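I opened my notebook for a friendly look around a new structure. Come along while I jot down what I looked up.

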Amino acid sequence: MIRRPALLVLLAVLTLLAGNTPAWAHKMKVFATAEGTTIAGYAYFGSGGRAMQAKVTVVGADGAPVYEGVTDDQGRFAFNAMRRMDHVVTVDGGDGHMAIYTVTAAELPESLPAAGTTGAAPTAAAPASSPAAIEADLRMVVDESVARHVRPLREQLDAYQEKIWLHDVIGGIGYILGLSGLAFGWASRRQTGKGRP
Amino acid sequence: MAHIPDGVVSLPVLAVGVVVTVAGCAHALKRLPPERIPQVAILSAVFFVAALVHFPVGPSSVHLILNGLIGVMLGWAAFPAILVALLLQAVLFGFGGVVVLGLNVMNVAVPAVLCGLLFEAVHLRSAGKPRRSAVAAGLCGALGVLLTVLAVALSLAASGREFVPAAKLIVFTHVPVMVIEAAFTGAAVGLVLRVKPDFLARSGEPAAEEGVA
């Protein structure tokens, strides 16, 4: 049969095409971190492009909406957190792509009031030069610095989760061929069974 | 985008997807002769890998669908081929989802079958004019993508999104895909028709006695 090899060649070509560049899952993802009280992030596609003009909705741990906006041309968004609670960021691309990411309360500075309390974030409680205030400032600076340095690592991890390995592709193809073999065997057995007098 | 992830569409839409997919697969499997199974498997694998070929278009990102090609080559058997491929994509790559699988299969396979039927109609009247069939196949390649993205927009609309902006966005971003697939499908079918025309027969029998059933 001349057909099989041609199709197999086609299949091989497609696989190589797909497996040659590092294949990333074609999904929209959103990444966000807290730096100080600002939560900033961006929405992107596993294959590398940024999701522009996508709708961003942020809901707090109490279910109340915290922020609604649109990503800019770099797929970025940012807003100020008022409370120290989990923020659930949902990005909607409008064409069926959707991504969710939760920024945990632990990432936000302790100076923010916890969820459920009323009142705005407290202003400096101690005079600027007292040791307690200096220590608090120092702690905040260190936190922000560490967050900034860890951020690229987390971004890489986030994107890495979606990497498609060649062995995944080969595994999938293997399953398809295996299933078809089973189906073929079963169908043949049925036919032979019917053919017997 | 052709693979809708879990959590985007509402329950009634999901249910419709499951029912249509199950019915389509049942119908296809009943009339699938065992000799055609290897071809179905290979085309299912082609479809499986095709979704990995993606590129950014405008604000979004799209991938090859190839359901026109599958429909033209397999007819009704496109249903199980696409079901298996989409299931594996969901499980192995995280494309789409398992809950929304019925809906995704419906959105891709129904246009595929329609294209297959359309192509059959043209092909039967084009004996001796393989060029015409190849062109028809190319148009079916583009049509398959178009119908699928419209179906996706409809699914989103039925779940509460606005249809027109979503449809415009999805159709616009998939125009390059339609062009590529039209060329690819036309070329592939042209080649097949030149080398082994029986491949397109819906049953295992040679093309001469094939009828549209």
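**A pocket, a helix and two cores**

I began with the second largest pocket, which has a volume of about 600 Å³. I kept in mind that this is a predicted model.

Next I asked which residues lie nearest the centre of that pocket. I found A:A183, B:L29, B:L32, B:I37 and B:P80, out of 24 lining residues. I sorted the lining by kind and got 17 nonpolar, three polar and four charged residues.

Then I looked up where the lining comes from. Helix α3 (166-195) of chain A and helices α1 (11-30), α2 and α4 of chain B each supply at least two residues. The most comes from α3(A), with nine residues.

I moved on to helix α3 of chain B, residues 67-74. Is this helix mostly covered or mostly open? It is mostly covered, as eight of its eight residues are buried. Among the buried ones I noted B:I70 and B:M73. What covers them includes α2 (37-50), α4 (78-93), α5 (101-124), α6 (130-158) and α7 (163-195) of chain B. Just after the helix I spotted B:G75, with a positive phi near 65 degrees.

B:M73 turned up again in the largest nonpolar core, which has 76 residues. Together with B:F48, B:I82 and B:V189, B:M73 touches the most other members. Helix α3 of chain A and α1 to α7 of chain B each give this core at least two residues.

I followed B:I82 a little further: leaving out residues up to four places away in sequence, B:I82 touches B:F47, B:I70, B:V105, B:V108, B:A109 and B:A112.

My last entry is a second, separate core of 24 residues, including A:M28, A:A51, A:Y101 and A:L108.

Methods. Residues are numbered from 1 along each chain as its sequence is written. Chains are lettered from A and ligands numbered from 1 in the order in which they are written. This is a predicted model: local features need pLDDT of at least 70, side-chain atom pairs count only at pLDDT 80 or more; totals for chains, interfaces and linings use all residues. Side-chain values use heavy atoms; hydrogens and water are left out. Buried means under 20% relative accessible area, exposed over 50%, partly exposed in between (1.4 Å probe, protein chains only). Helices (H or I, at least four residues) and strands (E, at least two) are DSSP runs, numbered from the N terminus. Contact means heavy atoms within 4.5 Å. On a 1 Å grid over the protein atoms alone, a cavity is a set of points where a 1.4 Å probe fits but cannot get out, and a pocket is an open set with protein on both sides within 12 Å along at least five of seven lines; lining residues have an atom within 4 Å of a point. Grid points are joined across faces, edges and corners, and a volume is the space filled by probe spheres set on the points. Ala, Val, Leu, Ile, Met, Phe, Trp, Tyr, Cys and Pro count as nonpolar, Asp, Glu, Lys and Arg as charged, and the others, Gly among them, as polar. A nonpolar core is a set of buried Ala, Val, Leu, Ile, Met, Phe, Trp, Tyr and Cys residues joined through side-chain atoms within 4.5 Å.
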